[in-house]
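Work through these exercises with the sequence and the model side by side. Try each task before reading its solution.

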Amino acid sequence: MVKRIFAISMSIILIALLAVSMVGCKGPEEEEAKAIVKDLVSRSVVLNEIYFGKKGMEYRDTGNPNDIYMPVIETEKFVLKSKLVEETRAVFTLNEANSIIDMAFKGVQSEINQNSVLARYMVLADDDWLYINKKYEYPFECLTQYNYDTINITYSSSKFIEATIEGTREENGEIKTVLVEVELALEENGWRLYSSTC
């Protein structure tokens, strides 16, 4: 009798644990997932323009022809490095954000100094004000205009969301419709994009 009660008790505990684990694996409901995707992708569009757009940000010319880095004008959305970095880390996963930030502020160095790329942005000394490289030319511009009504959640769990969004972008002088796949991961501070959205 004791064995039977123990077996029943263990079965109930195992069923309860299985139910809890199944709930833990469930992702956000579809509408909530779409709202998360829309929020992060729309914020990433602004960052894509700053980091990868041909213009980057408007600047004030110092008048010195020897100056390569010019101060970003006051009317730009981000004028302080700390705020730009904060927003980048609030939108992208830690690894993706660090990669974007490093490229923008450190550039790319090669061992034999060929194909090295100067940083696009910098700050002076301990100042936080952004300066932009006026000679910087991004090799391509992959900025997309999204139709957020077309967000389709293709996968959702407690840790990951995958979705597609239709958009338009210019390629070789033509406007093309594209289907962009985006991937999100749940990190310690919330949902973040871990794929490019340009």
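**Exercise 1. Locate Asn-172, then describe its backbone and its exposure.**

Step 1. Asn-172 sits in the loop between strand 5 (160–171) and strand 6 (174–187). Helices (H or I, at least four residues) and strands (E, at least two) are DSSP runs, numbered from the N terminus.

Step 2. The phi of Asn-172 is positive, about 55°, although Asn-172 is not a glycine. Most residues other than glycine have a negative phi.

Step 3. Asn-172 has a relative accessible area of 79%, so it is exposed. The cut-offs are under 20% relative accessible area for buried, over 50% for exposed, and partly exposed in between (1.4 Å probe, protein chains only).

A note on the model: it is predicted, so local features need pLDDT of at least 70 and side-chain atom pairs count only at pLDDT 80 or more, while totals for chains, interfaces and linings use all residues. Residues are numbered from 1 along each chain as its sequence is written, and side-chain values use heavy atoms, with hydrogens and water left out.

**Exercise 2. Where is Ala-125, and is it buried or exposed?**

Step 1. Look in the loop between strand 2 and strand 3 (131–133); Ala-125 is there.

Step 2. Ala-125 is not a glycine, yet its phi is positive, about 50°.

Step 3. Its relative accessibility is 78%, so Ala-125 counts as exposed.

**Exercise 3. Describe the surroundings of Thr-154.**

Step 1. Thr-154 belongs to strand 4 (residues 145–156).

Step 2. Thr-154 has a relative accessible area of 46%, so it is partly exposed.

Step 3. Set aside neighbours within four places in sequence. Thr-154 is then in contact (heavy atoms within 4.5 Å) with Glu-162, Ala-163 and Thr-164.

Step 4. Take Thr-164 from that list. It is 10 residues from Thr-154 along the chain, and their C-alpha atoms are separated by 7.2 Å.

**Exercise 4. Which residues of helix 4 are buried, and what covers them?**

Step 1. Helix 4 (residues 94–106) has 13 residues. From first C-alpha to last it reaches 17 Å, close to the 18 Å expected at 1.5 Å a residue. The expected span is 1.5 Å times one less than the number of residues.

Step 2. Ala-97, Ile-100, Ile-101, Ala-104 and Phe-105 are the buried residues of helix 4. Seen down the axis, they fall within an arc of 110°, so they line one face of helix 4. The arc is that of the directions from the helix axis to the C-beta atoms.

Step 3. An α-helix has 3.6 residues a turn, so residues three or four places apart point the same way.

Step 4. The cover over the buried residues of helix 4 includes helix 2 (30–52), helix 3 (81–91) and strand 2 (121–122).

Step 5. Now turn to the face away from the buried side. Helix 4 carries the exposed residues Asn-95 and Lys-106 there.

Step 6. Gly-107 follows helix 4, with a positive phi near 75°.

**Exercise 5. Find the buried side of helix 3 and place Glu-87 on it.**

Step 1. Leu-84, Val-85, Glu-87, Thr-88 and Val-91 are buried in helix 3. They cover an arc of only 165° around the axis, which puts them on the same side of helix 3.

Step 2. Helix 2, helix 4 and strand 7 (190–193) are among the elements covering them.

Step 3. Glu-87 has 18% relative accessibility, so it counts as buried. Not counting residues up to four places away in sequence, Glu-87 touches Arg-43, Leu-47 and Phe-78.

**Exercise 6. How does helix 3 pack against helix 2 and helix 4?**

Step 1. Two packed helices are described by the angle between their axes and the distance between the axes. Axes are lines fitted to C-alpha atoms, for helices over the stretch in contact, and angles run from 0 to 180 degrees between N-to-C directions.

Step 2. Helix 2 and helix 3 pack at about 135°, with axes 10 Å apart. They are therefore oblique to each other. Angles under 35 degrees count as roughly parallel, over 145 as roughly antiparallel, 65 to 115 as roughly perpendicular and the rest as oblique.

Step 3. The axes of helix 3 and helix 4 come within 9 Å and cross at roughly 150°. That makes helix 3 roughly antiparallel to helix 4.
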